[in-house]
Amino acid sequence: MFQGETAITIDDKGRLAIPTSYREIVARECGNRLVVTYNPFEAGCLYLYPLPVWEKVRDQVNALPRTRKNSRLLQLKLVGAAAFAEPDGSGRISLPASQRSAVGIEKKAVLLGMGDKFELWSEQAHHEQIRQTLGDADLGDDLQDLVL
């Protein structure tokens with residue numbers, strides 16, 4: 001559903017404008033309702049889920065045993081921090097200040113369409129990720145047969 005990389009500017013009120021190429025899809029596929037939460041795997045990044053996708057993720061994460069530390073941490077970062085975001089008339093959504101601060105998103109960010117969700121990266125963290133390369137030792141058996 002979502003793909004591509006877009007440089008984003010966060011305004012003084014902590015809002016980002018959803019790129020016009022995604023606005024119709026966001027309206028149609030998720031009733032203009034997104035959920036913003038932490039990326040539990042990478043520093044410097046937030047996830048933006050369409051509401052229907054989020055509900056499935058939330059239910060799976062909440063079903064994990066709370067007796068395990070990793071499960072509790074995942075629940076904290078994904079479910080505990082989740083905030084609803086609805087685009088205003090200009091296609092802007094507000095990002096919680098606590099989340100922006102925690103991942104280092106200030107004025108400049110990068111929005112990536114990742115299929116079923118968006119990833120919103122701080123500009124610096126995104127540049128660090130892009131500069132990383134994969135070598136043969138990084139590719140497991142499941143990736144060896146990919147034709148890229």
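A disulfide is a pair of cysteine sulfur atoms within 2.5 Å. The model used in these exercises is predicted.

**Exercise 1. Cysteines**

Task: Find how many disulfides the structure has, and explain the count for Cys30.

Solution:
- Step 1. Start from Cys30. The closest cysteine sulfur belongs to Cys45, 18 Å away.
- Step 2. Apply the cut-off. A pair must lie within 2.5 Å. The sulfur of Cys45 is therefore too far from that of Cys30 for a bond.
- Step 3. Look from the other end. Cys45 is in no disulfide, and its nearest cysteine sulfur is that of Cys30, at 18 Å.
- Step 4. Give the count. There are 0 disulfides.

Task: Decide whether Cys30 and Cys45 are buried or exposed.

Solution:
- Step 1. Recall the limit. Buried means under 20% relative accessible area.
- Step 2. Take Cys30. Its relative accessibility is 7%, so Cys30 is buried.
- Step 3. Take Cys45. Its relative accessible area is 0%, so Cys45 is buried.

**Exercise 2. Salt bridges**

Task: State how many salt bridges the structure holds, then trace the network that contains Arg28.

Solution:
- Step 1. Give the total. The structure holds 8 salt bridges.
- Step 2. Pair Arg28 with Glu24. Their closest N and O atoms are 3.2 Å apart.
- Step 3. Place this pair. Arg28 and Glu24 both sit in helix 1, residues 20–30. They are 4 residues apart, about one turn of the helix.
- Step 4. Pair Arg28 with Glu29. Here the closest N and O atoms are 3.1 Å apart.
- Step 5. Join the pieces. Salt bridges link Glu24, Arg28 and Glu29 in a network.
- Step 6. Check the cover on the two acids. Glu24 is exposed, at 57% relative accessibility. Glu29 is partly exposed, at 38%.

Task: Describe the salt bridge between Arg58 and Asp59.

Solution:
- Step 1. Read the distance. The two side chains meet at 3.1 Å, N to O.
- Step 2. Read the accessibility. Arg58 is partly exposed, with a relative accessible area of 26%. Asp59 is also partly exposed. Its relative accessible area is 45%.

**Exercise 3. The sheet**

Task: Work out which strands stand at the edges of the open sheet.

Solution:
- Step 1. Write the order. The open sheet has 6 strands, ordered 1-7-8-4-3-5, and the pairing is antiparallel.
- Step 2. Take the two ends. Strand 1 (2–9) and strand 5 each have a single partner strand, so one side of each lacks a neighbour in the sheet.
- Step 3. Add the twist. It averages 25° from one strand to the next.
- Step 4. Inspect one end. Strand 1 runs antiparallel to strand 7 (residues 108–115), and 8 bridges join them. Glu5 has Leu112 of strand 7 as its bridge partner.

Task: List the pairings of strand 3 and say how covered the strand is.

Solution:
- Step 1. Go to strand 4 (residues 45–50). It runs antiparallel to strand 3, joined by 5 bridges. One partner pair is Leu34 with Pro50 of strand 4.
- Step 2. Follow the hairpin of strand 3 and strand 4. There are 6 residues between the strands. In this hairpin, Gly44 takes a positive phi near 85°.
- Step 3. Go to strand 5 (residues 83–85). Strand 3 pairs with it over 3 bridges, in the antiparallel sense. Val35 stands opposite Phe84 of strand 5.
- Step 4. Count the cover. Strand 3 (residues 34–38) is mostly covered, with 5 of its 5 residues buried.

**Exercise 4. A loop residue**

Task: Explain why the phi of Asn32 deserves a note.

Solution:
- Step 1. Locate it. Asn32 is in the loop between helix 1 and strand 3.
- Step 2. Read the angle. Phi of Asn32 is near 60°, a positive value in a residue other than glycine.
- Step 3. Recall the usual case. Most residues other than glycine have a negative phi.
- Step 4. Add the setting. Asn32 is partly exposed, at 28% relative accessible area.

**Exercise 5. A surface patch**

Task: Name the residues of the nonpolar surface patch and give their accessible area together.

Solution:
- Step 1. Name the members. They are Leu143, Leu146 and Leu148.
- Step 2. Give the area. Together these residues have about 360 Å² of accessible area.
- Step 3. Place one of them. Leu143 lies in helix 6, residues 141–144.
- Step 4. Check its cover. Leu143 is partly exposed, at 35% relative accessible area.

Note on methods: Residues numbered from 1 in each chain as written. Predicted model: local features only at pLDDT ≥ 70, side-chain atom pairs only at ≥ 80, totals over all residues. Heavy atoms only, no water. Buried < 20%, exposed > 50% of the residue type's maximum accessible area, 1.4 Å probe, protein only. Patch = residues over 30% accessible without salt bridge, like charges linked within 9 Å, V, L, I, M, F, W, Y side chains within 5 Å. Areas by Shrake-Rupley, 256 points an atom, 1.4 Å probe, with all protein chains shown as cover. Salt bridge = Lys/Arg side-chain N within 4 Å of Asp/Glu carboxyl O. Helix = DSSP H or I, 4+ residues; strand = E, 2+ residues; numbered from the N terminus. Pairing = 2+ DSSP bridges. Axes fitted to C-alpha atoms, helices over the stretch in contact; angles between N-to-C directions.
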